[in-house]
Amino acid sequence: MIHVPAEPAGRLSDAWRACVGTGRLGLALRRDYQDSLALLQRDIGFRRLRGHGLLSDDMGVHRPYEWQGSRRTHHSFTYLDQVFDALLATGIRPFLELGFMPREMASGTQTVFWWEGNVTPPADEKEWTRLVRAVLTHLIDRYGLDEVRTWPVEVWNEPDLPPFWQDADEAAYHRLYEATAHTVKEVDAELAVGGPALSPAADGWLERFAEFAERRDVPVDFVSRHAYASGPARNVPFGTHQTLAPASTLLDQFAQPHTALAGTPLAGLPVHITEFNSSYRPDNPIHDTAFHAAYLAPVVAAGGDHADSFSYWTFSDVFEETGIPTALFHGGFGLLTHRQIRKPTYHLYAFMARMGEQQLARGDDHLVTRHADGRITVLAWAPVDPTGETPGPDGHTLRLSLPVAGGGGGEVFVRRSSVDEERGNAYTAWRHMGSPRSPRPGQLDMLHEASEPARSHSRLPVDNGRTDLAVTLARHEITLVELTPVDDETPPWWDERRLLGGEPA
């Protein structure tokens, strides 16, 4: 029995909801995307959204033209306005990532992804900085300076990887960052600019970035990197399988910037993990499973110890880096499939959104919080092994002694919501259906129904201000238990035996 103290250890960090990832920003023009975002914000309520492609050609911002014998540039904000209007209407703000390079401004032809984001440096640095200045100035004009000052500005994405930055040329990235950061500060000194948005594979980049920033007196308001825990890809048609490191590896990666920057001028800056997930592949079926939710539960519960934000990559399967998805469930990054079917990891975040503000206890398989009104909430998960080994058929049992507001005796109302291999798991239902690539309307209805967590209700006695809770977790289960003191208003004449007209004995 674990004795949960009555006094809080502190406030529950909300770094888990500070940001979430998305496919390229141009996808925000689609109805399925906007419907998914509205559901996400209703159930979870992320604060910021980060995605690629703000400056890529499908957004149509950079529009060069010829006039009177000279090359000129027109900056168009038609799609940009529609995208940001749609985001703000749902209560989510952008985490701006400046990239990729407009084709007509690029120094080369190298691209990344099916949608061909150009990943080469600008042919003309001044043209690039004019673009950055024009975009930020327009955003301030449209949404107001106080609003845009809350939008972090990140320079590029994973420049340490050749697919995202031509030849992974570190010196060229430093030049881009320096020119961009100074431009951001020229627009407004209080805009927050940072980077370098490194991949987990970056070796020494962050330390050298700090040295460069100090040597060149370049503004850096935050540092960013990414975290993934998957091994080499084993490809099958339209899919990928990978080994996974223990989930604690992700927490180690979250903590790495603080360790790497200790003793440098960048020590103590906010750390944003602007992408994280188990696998870095958008076609790995692990993302669709109950295993994935249980695997990430300790990361989501503890990640705020190590980073100011850690952004799940991504909120929706409306995502096209490797092409248009070929099936409803295809291993996409999203918390939601197309058509807003909730995956088990979606419920992990929705459960976190119902936790209290005060953290009472945290362990290898649980997180306990209290709301301001005294309600107790318990998030529990079945520990998983990245090899797939799990506890035996009897499940994993957690026993807690919990403090109850008000002290004394009485009872608490217990509401439990659970997701595991069979319950709250549309992926399992889809597999039982025969894995239809394009489910018919009736099948979609069944999948939405299957995605609902299992719910149960009961009461527990309170003795001397405490109640004992025993929770047995099935394979790969996550569960949310909410306990509310009972204020019993049952009339004294109520008797279940009267329901069919009989008299009590």
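User: What makes the radius of gyration of this chain of 505 residues agree with that of a compact globule?

Analyst: In this predicted model, the radius of gyration is 25 Å, and a compact globule with 505 residues would have one near 23 Å, so the two agree. Along the principal axes, the C-alpha atoms fill a box of roughly 100 × 55 × 45 Å. The chain holds 11 helices and 25 strands.

User: How much of the chain counts as buried, and what is the cut-off?

Analyst: A residue is called buried under 20% relative accessible area. By that criterion, 55% of the 505 residues are buried. The area that the chain exposes is about 21500 Å², of which carbon and sulfur atoms supply 49%.

User: What share of the contacts with a separation of 6 or more comes from residues 24 or more positions apart?

Analyst: Such residues account for 74% of those contacts in the chain.

User: What makes a group of residues a nonpolar core, and which residues have the most contacts inside the largest one?

Analyst: The members must be buried residues of the nonpolar kinds, joined through side-chain atoms within 4.5 Å. The largest such set has 112 residues, and Phe-84, Trp-128, Leu-139, Trp-156, Tyr-177 and Phe-276 have the most contacts inside it. Helix 8 (residues 290-302) gives the most to this core, contributing 10 residues. A second core, separate from the largest, has 21 residues, including Ala-361, Val-378, Val-404 and Leu-473. In soluble globular proteins, nonpolar side chains tend to be buried together.

User: Which residues are in contact with Trp-128, leaving aside its neighbours within four places in sequence?

Analyst: With those neighbours left aside, the partners of Trp-128 are Leu-55, Leu-98, Met-101, Met-105, Pro-122, Trp-156, Leu-176 and Thr-180.

User: Why is Ala-470 called buried or exposed?

Analyst: The relative accessible area of Ala-470 is 53%, and exposed means over 50%; Ala-470 is therefore exposed. Ala-470 lies in strand 24 (residues 466-473). Beyond its neighbours within four places in sequence, Ala-470 is in contact with Leu-398 and Arg-399. Its C-alpha atom is separated by 44 Å from that of Glu-321, 149 residues apart along the chain.

User: What are the phi values of Asp-167 and His-476, and why is each residue called buried or exposed?

Analyst: Phi is near 65° for Asp-167 and about 60° for His-476. Both values are positive, and neither residue is a glycine. Most residues other than glycine have a negative phi. Asp-167 has 62% relative accessibility, over the 50% cut-off, and therefore counts as exposed. His-476 has a relative accessible area of 5%, under the 20% cut-off, and is therefore buried. Asp-167 is found in the loop between strand 11 (153-155) and helix 5 (170-187), whereas His-476 is in the loop between strand 24 and strand 25 (478-485).

User: How do you know that the peptide bonds from Gly-195 to Pro-196 and from Trp-313 to Thr-314 are cis?

Analyst: The omega angles show it: omega is near 5° for the bond from Gly-195 to Pro-196 and near 10° for the bond from Trp-313 to Thr-314. Most peptide bonds are trans. Pro-196 belongs to strand 12 (residues 193-198), while Thr-314 lies in the loop between strand 17 (309-312) and helix 9 (344-352).

User: Where do the mean positions of the positive and negative charges lie with respect to each other?

Analyst: The mean positions of the 47 positive and 68 negative charges of the chain are 3 Å apart.

Definitions and conventions:
Residues numbered from 1 in each chain as written. Predicted model: local features only at pLDDT ≥ 70, side-chain atom pairs only at ≥ 80, totals over all residues. Heavy atoms only, no water. Helix = DSSP H or I, 4+ residues; strand = E, 2+ residues; numbered from the N terminus. Rg over C-alpha atoms; globule rule 2.2 N^0.38 Å. Buried < 20%, exposed > 50% of the residue type's maximum accessible area, 1.4 Å probe, protein only. Contact = heavy atoms within 4.5 Å. Areas by Shrake-Rupley, 256 points an atom, 1.4 Å probe, with all protein chains shown as cover. Lys, Arg positive; Asp, Glu negative; His and termini not counted. Charge placed at Lys NZ, Arg CZ, Asp CG, Glu CD.
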